[in-house]
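I opened a new notebook page for this chain. My plan was to look things up one at a time and write down what I found.

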Amino acid sequence: MKDSIPSKTDIKELTNFLPLLYDENIELSKPYPNADMSDMISGTFYKYHPSVLTFFELVSQEHWKDYKYVDNFSEEMVGPGKIEEASINQLKTILTWCDRTERFFEGHWEYVIKIDVIKRVLNRLIHLDNN
């Protein structure tokens, strides 16, 4: 797949979620009613807030994907000060990692929001878009 660069509109679409995902009045997720271990086979314990679902639907669009994120990503990329200096391609790698890891570690979306990885990425996108 050819790498594409997100447009200003694509960036704005994502950055509009900053106040939504970090609103203290919303629950990012809640367990499904009566969830037990048997639900792990057929479904999920997490019922995400619609803003979280929509955000990650946008992140999974073609222009945000890094098909080589497994090779390109390292934990160091989300370390202190690293996101704040990341290029647009590095941000795509981080966003792809945030999105795809949910398949293997349920609750990862909530985790990356709560530890401010998403906030830092969105703030970096705002900075890159303004410069």
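These entries go from the whole chain to a helix, then to the core and the aromatic rings.

**Entry 1: the whole chain**

I noted at the start that this is a predicted model. I counted the elements next, and the chain has eight helices and two strands. Read from the N terminus, their order is α-α-β-α-β-α-α-α-α-α.

I then looked up how much of the chain is covered. Of its 131 residues, 40% are buried. The accessible surface is about 8100 Å², and carbon and sulfur atoms account for 53% of that.

I also checked the contacts between residues at least 6 apart in sequence. In 70% of them, the two residues are at least 24 apart.

**Entry 2: helix H6**

I turned to helix H6, which covers residues 88-101. H6 has 14 residues and spans 20 Å from first C-alpha to last, close to the expected 20 Å.

Is H6 largely enclosed or not, and why? Of its 14 residues 11 are buried, so H6 is largely enclosed by the rest of the structure. The buried residues include Ile88, Leu91, Ile94, Leu95, Trp97 and Cys98. I wrote down that Lys92 and Asp99 are also on the buried list.

I looked for what does the covering. Helices H1, H4, H5, H7 and H8 are among the elements over the buried residues of H6.

**Entry 3: the core**

A general point goes here: in soluble globular proteins, nonpolar side chains tend to be buried together. In this chain, the largest nonpolar core holds 33 residues. Leu14, Phe55, Phe56, Ile94, Ile118 and Leu125 have the most contacts inside this core. At least two core residues come from each of H1, H2, H4, H6, H7 and H8. H6 contributes the most, with six residues.

**Entry 4: helix H4**

Which residues of H4 are buried? I found Ser51, Val52, Phe55, Phe56, Leu58 and Val59. Viewed down the helix axis, the buried residues of H4 lie within an arc of 150°, so they line one face. On the face turned away from that side are the exposed residues Pro50 and Glu57.

I recalled the rule for such patterns: an α-helix has 3.6 residues a turn, so residues three or four places apart point the same way.

The buried residues of H4 pack against H1, H2, H6, H7 and H8, and also against strand S2. I picked out Phe56 and listed its contacts, leaving aside neighbours within four places in sequence. Phe56 touches Cys98, Asp99, Trp109, Val112, Ile113 and Ile118.

**Entry 5: the aromatic rings**

I searched the whole structure for aromatic pairs and got five. In one of them, Tyr48 and Trp109 are 5.1 Å apart centre to centre with 45° between the planes, a tilted pair. This pair links distant parts of the chain, since Tyr48 is in strand S2 and Trp109 is in helix H7, 61 residues apart. Both Tyr48 and Trp109 are buried.

What sort of pair do Phe55 and Phe56 form? Their ring centres are 5.0 Å apart and their planes stand at 90°, so the pair is edge-to-face. Phe55 has 0% relative accessibility and counts as buried. Phe56 is buried as well, with a relative accessible area of 1%.

My last note is on the cluster: ring pairs join Phe17, Tyr48, Phe55, Phe56 and Trp109.

Terms used:
Residues are numbered from 1 along each chain as its sequence is written. This is a predicted model: local features need pLDDT of at least 70, side-chain atom pairs count only at pLDDT 80 or more; totals for chains, interfaces and linings use all residues. Side-chain values use heavy atoms; hydrogens and water are left out. Helices (H or I, at least four residues) and strands (E, at least two) are DSSP runs, numbered from the N terminus. The expected span of a helix is 1.5 Å times one less than its number of residues. Buried means under 20% relative accessible area, exposed over 50%, partly exposed in between (1.4 Å probe, protein chains only). Contact means heavy atoms within 4.5 Å. Accessible areas come from the Shrake-Rupley method with a 1.4 Å probe; for residues, only the protein chains shown count as cover. A nonpolar core is a set of buried Ala, Val, Leu, Ile, Met, Phe, Trp, Tyr and Cys residues joined through side-chain atoms within 4.5 Å. The arc is that of the directions from the helix axis to the C-beta atoms. Rings of Phe, Tyr and Trp (its six-membered ring) pair if their centres lie within 6.5 Å; planes under 30 degrees apart count as stacked, over 60 as edge-to-face and the rest as tilted.
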